[in-house]
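I opened the model today and kept notes as I went. One side chain came up first, then the strands, then the whole chain.

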Amino acid sequence: MLFRSEQVAAIDFDGGADNLRYDAKSKRVYVGCGDDEKTGAIATIDATTNKRLDEEYKLGGEAESFQLESSGQNIYVNVPDLKQIVVINRETKKITRWPLVGVESNFPMALDEADHRLFVGVHAPPRLAVFDTNTGKVVAALPSPQDSDDLYFDAARKRIYVPGGEGYIQVYQMIDPDHFQIREKIPTAIGAKTAGYWGKQGKGFDRFYLAVPARGGQSAEVRIYTVQD
């Protein structure tokens, strides 16, 4: 065997756990946990000891996607039940709330830390909403696929990729931090809204992975796309 996998710890969360992120600087794992007003939180695990820390941020609702700043201290959290983006400062412990205006059901999220832009996929109506992280204000809202579950920011090309359940990937191009346009609409399959994208990662090429669910007589599959310049 090349490696052996074994469980080294188990940590329970009220209401379960969904998304998680790892901060390499602090060696902490942040976990979106809970499923209601009382239990919804971002919890913290020490990755060196595999123990849950007392550092926990109550949200007031269930967390969906969230993103960590790498050069700053903020955590941005989608809390659709409250129609809010919750902003947590890990240094001061201060919590700020950005109410959604004209849109709701905010689920997927990506961060462009260099340009101070936060990309949020909302379902009602289906939009890609772009927030200025300095002000919490929306600077753009573009039509998007319905029922988006993932979205990714391509920092090298300044693009955003949003797969949706209605059967296509929408590709957006940043003109500048306040202006965006729809670049391409790539046909996929109905229900294909879960994806993975991590850039080149030293490989010399980009791959975008899309999960296609089983439907009718067609089995489930993973489609792999090569990102073009």
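**Entry 1: Q173.** I asked whether Q173 is buried or exposed. This is a predicted model, so every value here is computed from it. Q173 has a relative accessible area of 13%. The cut-off for buried is under 20%, so Q173 counts as buried.

Next I looked up where Q173 sits. Q173 lies in strand β15, residues 168-176.

Which backbone oxygen does the side chain of Q173 reach? I found that of R157, at 2.8 Å. The Q173 side chain also makes a polar contact with the side chain of R159, at 3.2 Å.

I then listed the residues that Q173 touches, leaving out those up to four places away in sequence. R157, K158 and R159 are on the list. So are H179, F180, Q181 and R183.

**Entry 2: strand β18.** I turned to β18, residues 207-212, and checked its two faces. F208, L210 and V212 make up the covered face. R207, Y209 and A211 make up the uncovered one.

Which strands are joined to β18? Strand β17 (residues 194-197) is joined to β18 by four bridges, and the two run antiparallel. Here A195 stands opposite L210, a residue of the covered face. Strand β19 (residues 221-226) is joined to β18 by six bridges, again antiparallel. In that pairing A211 stands opposite V222, and A211 belongs to the uncovered face.

**Entry 3: a four-stranded sheet.** I traced an open sheet with the order β5-β6-β7-β8. Its pairing is antiparallel. I noted β5 (66-68) and β8 (95-99) as the edge strands, each paired on one side only. From one strand to the next, the twist averages 15 degrees.

I looked more closely at one pair. Strand β7, residues 84-89, runs antiparallel to β8, with five bridges between them. V87 in this pair stands opposite T96 of β8.

**Entry 4: the whole chain.** How many helices and strands does the protein have? I counted zero helices and 19 strands. The radius of gyration is 18 Å, close to the 17 Å that the globule rule gives for 229 residues, so the protein is as compact as a globular protein of that length. The C-alpha trace spans about 50 × 45 × 35 Å along its principal axes.

I checked burial next. Of the 229 residues, 47% count as buried. The accessible surface comes to about 12200 Å², and carbon and sulfur atoms hold 48% of that.

Last, I looked up contacts with a separation of 6 or more. Residues 24 or more positions apart account for 35% of them.

Definitions and conventions:
Residues are numbered from 1 along each chain as its sequence is written. This is a predicted model: local features need pLDDT of at least 70, side-chain atom pairs count only at pLDDT 80 or more; totals for chains, interfaces and linings use all residues. Side-chain values use heavy atoms; hydrogens and water are left out. Two strands pair if DSSP finds at least two bridges between them. Axes are lines fitted to C-alpha atoms, for helices over the stretch in contact, and angles run from 0 to 180 degrees between N-to-C directions. Buried means under 20% relative accessible area, exposed over 50%, partly exposed in between (1.4 Å probe, protein chains only). A polar contact is a pair of N or O atoms within 3.5 Å; within protein, one must be able to donate a hydrogen and the other to accept it, and residues adjacent in sequence count only if both atoms are side-chain atoms. Contact means heavy atoms within 4.5 Å. The radius of gyration is taken over C-alpha atoms; the globule rule is 2.2 Å times the number of residues to the power 0.38. Accessible areas come from the Shrake-Rupley method with a 1.4 Å probe; for residues, only the protein chains shown count as cover.
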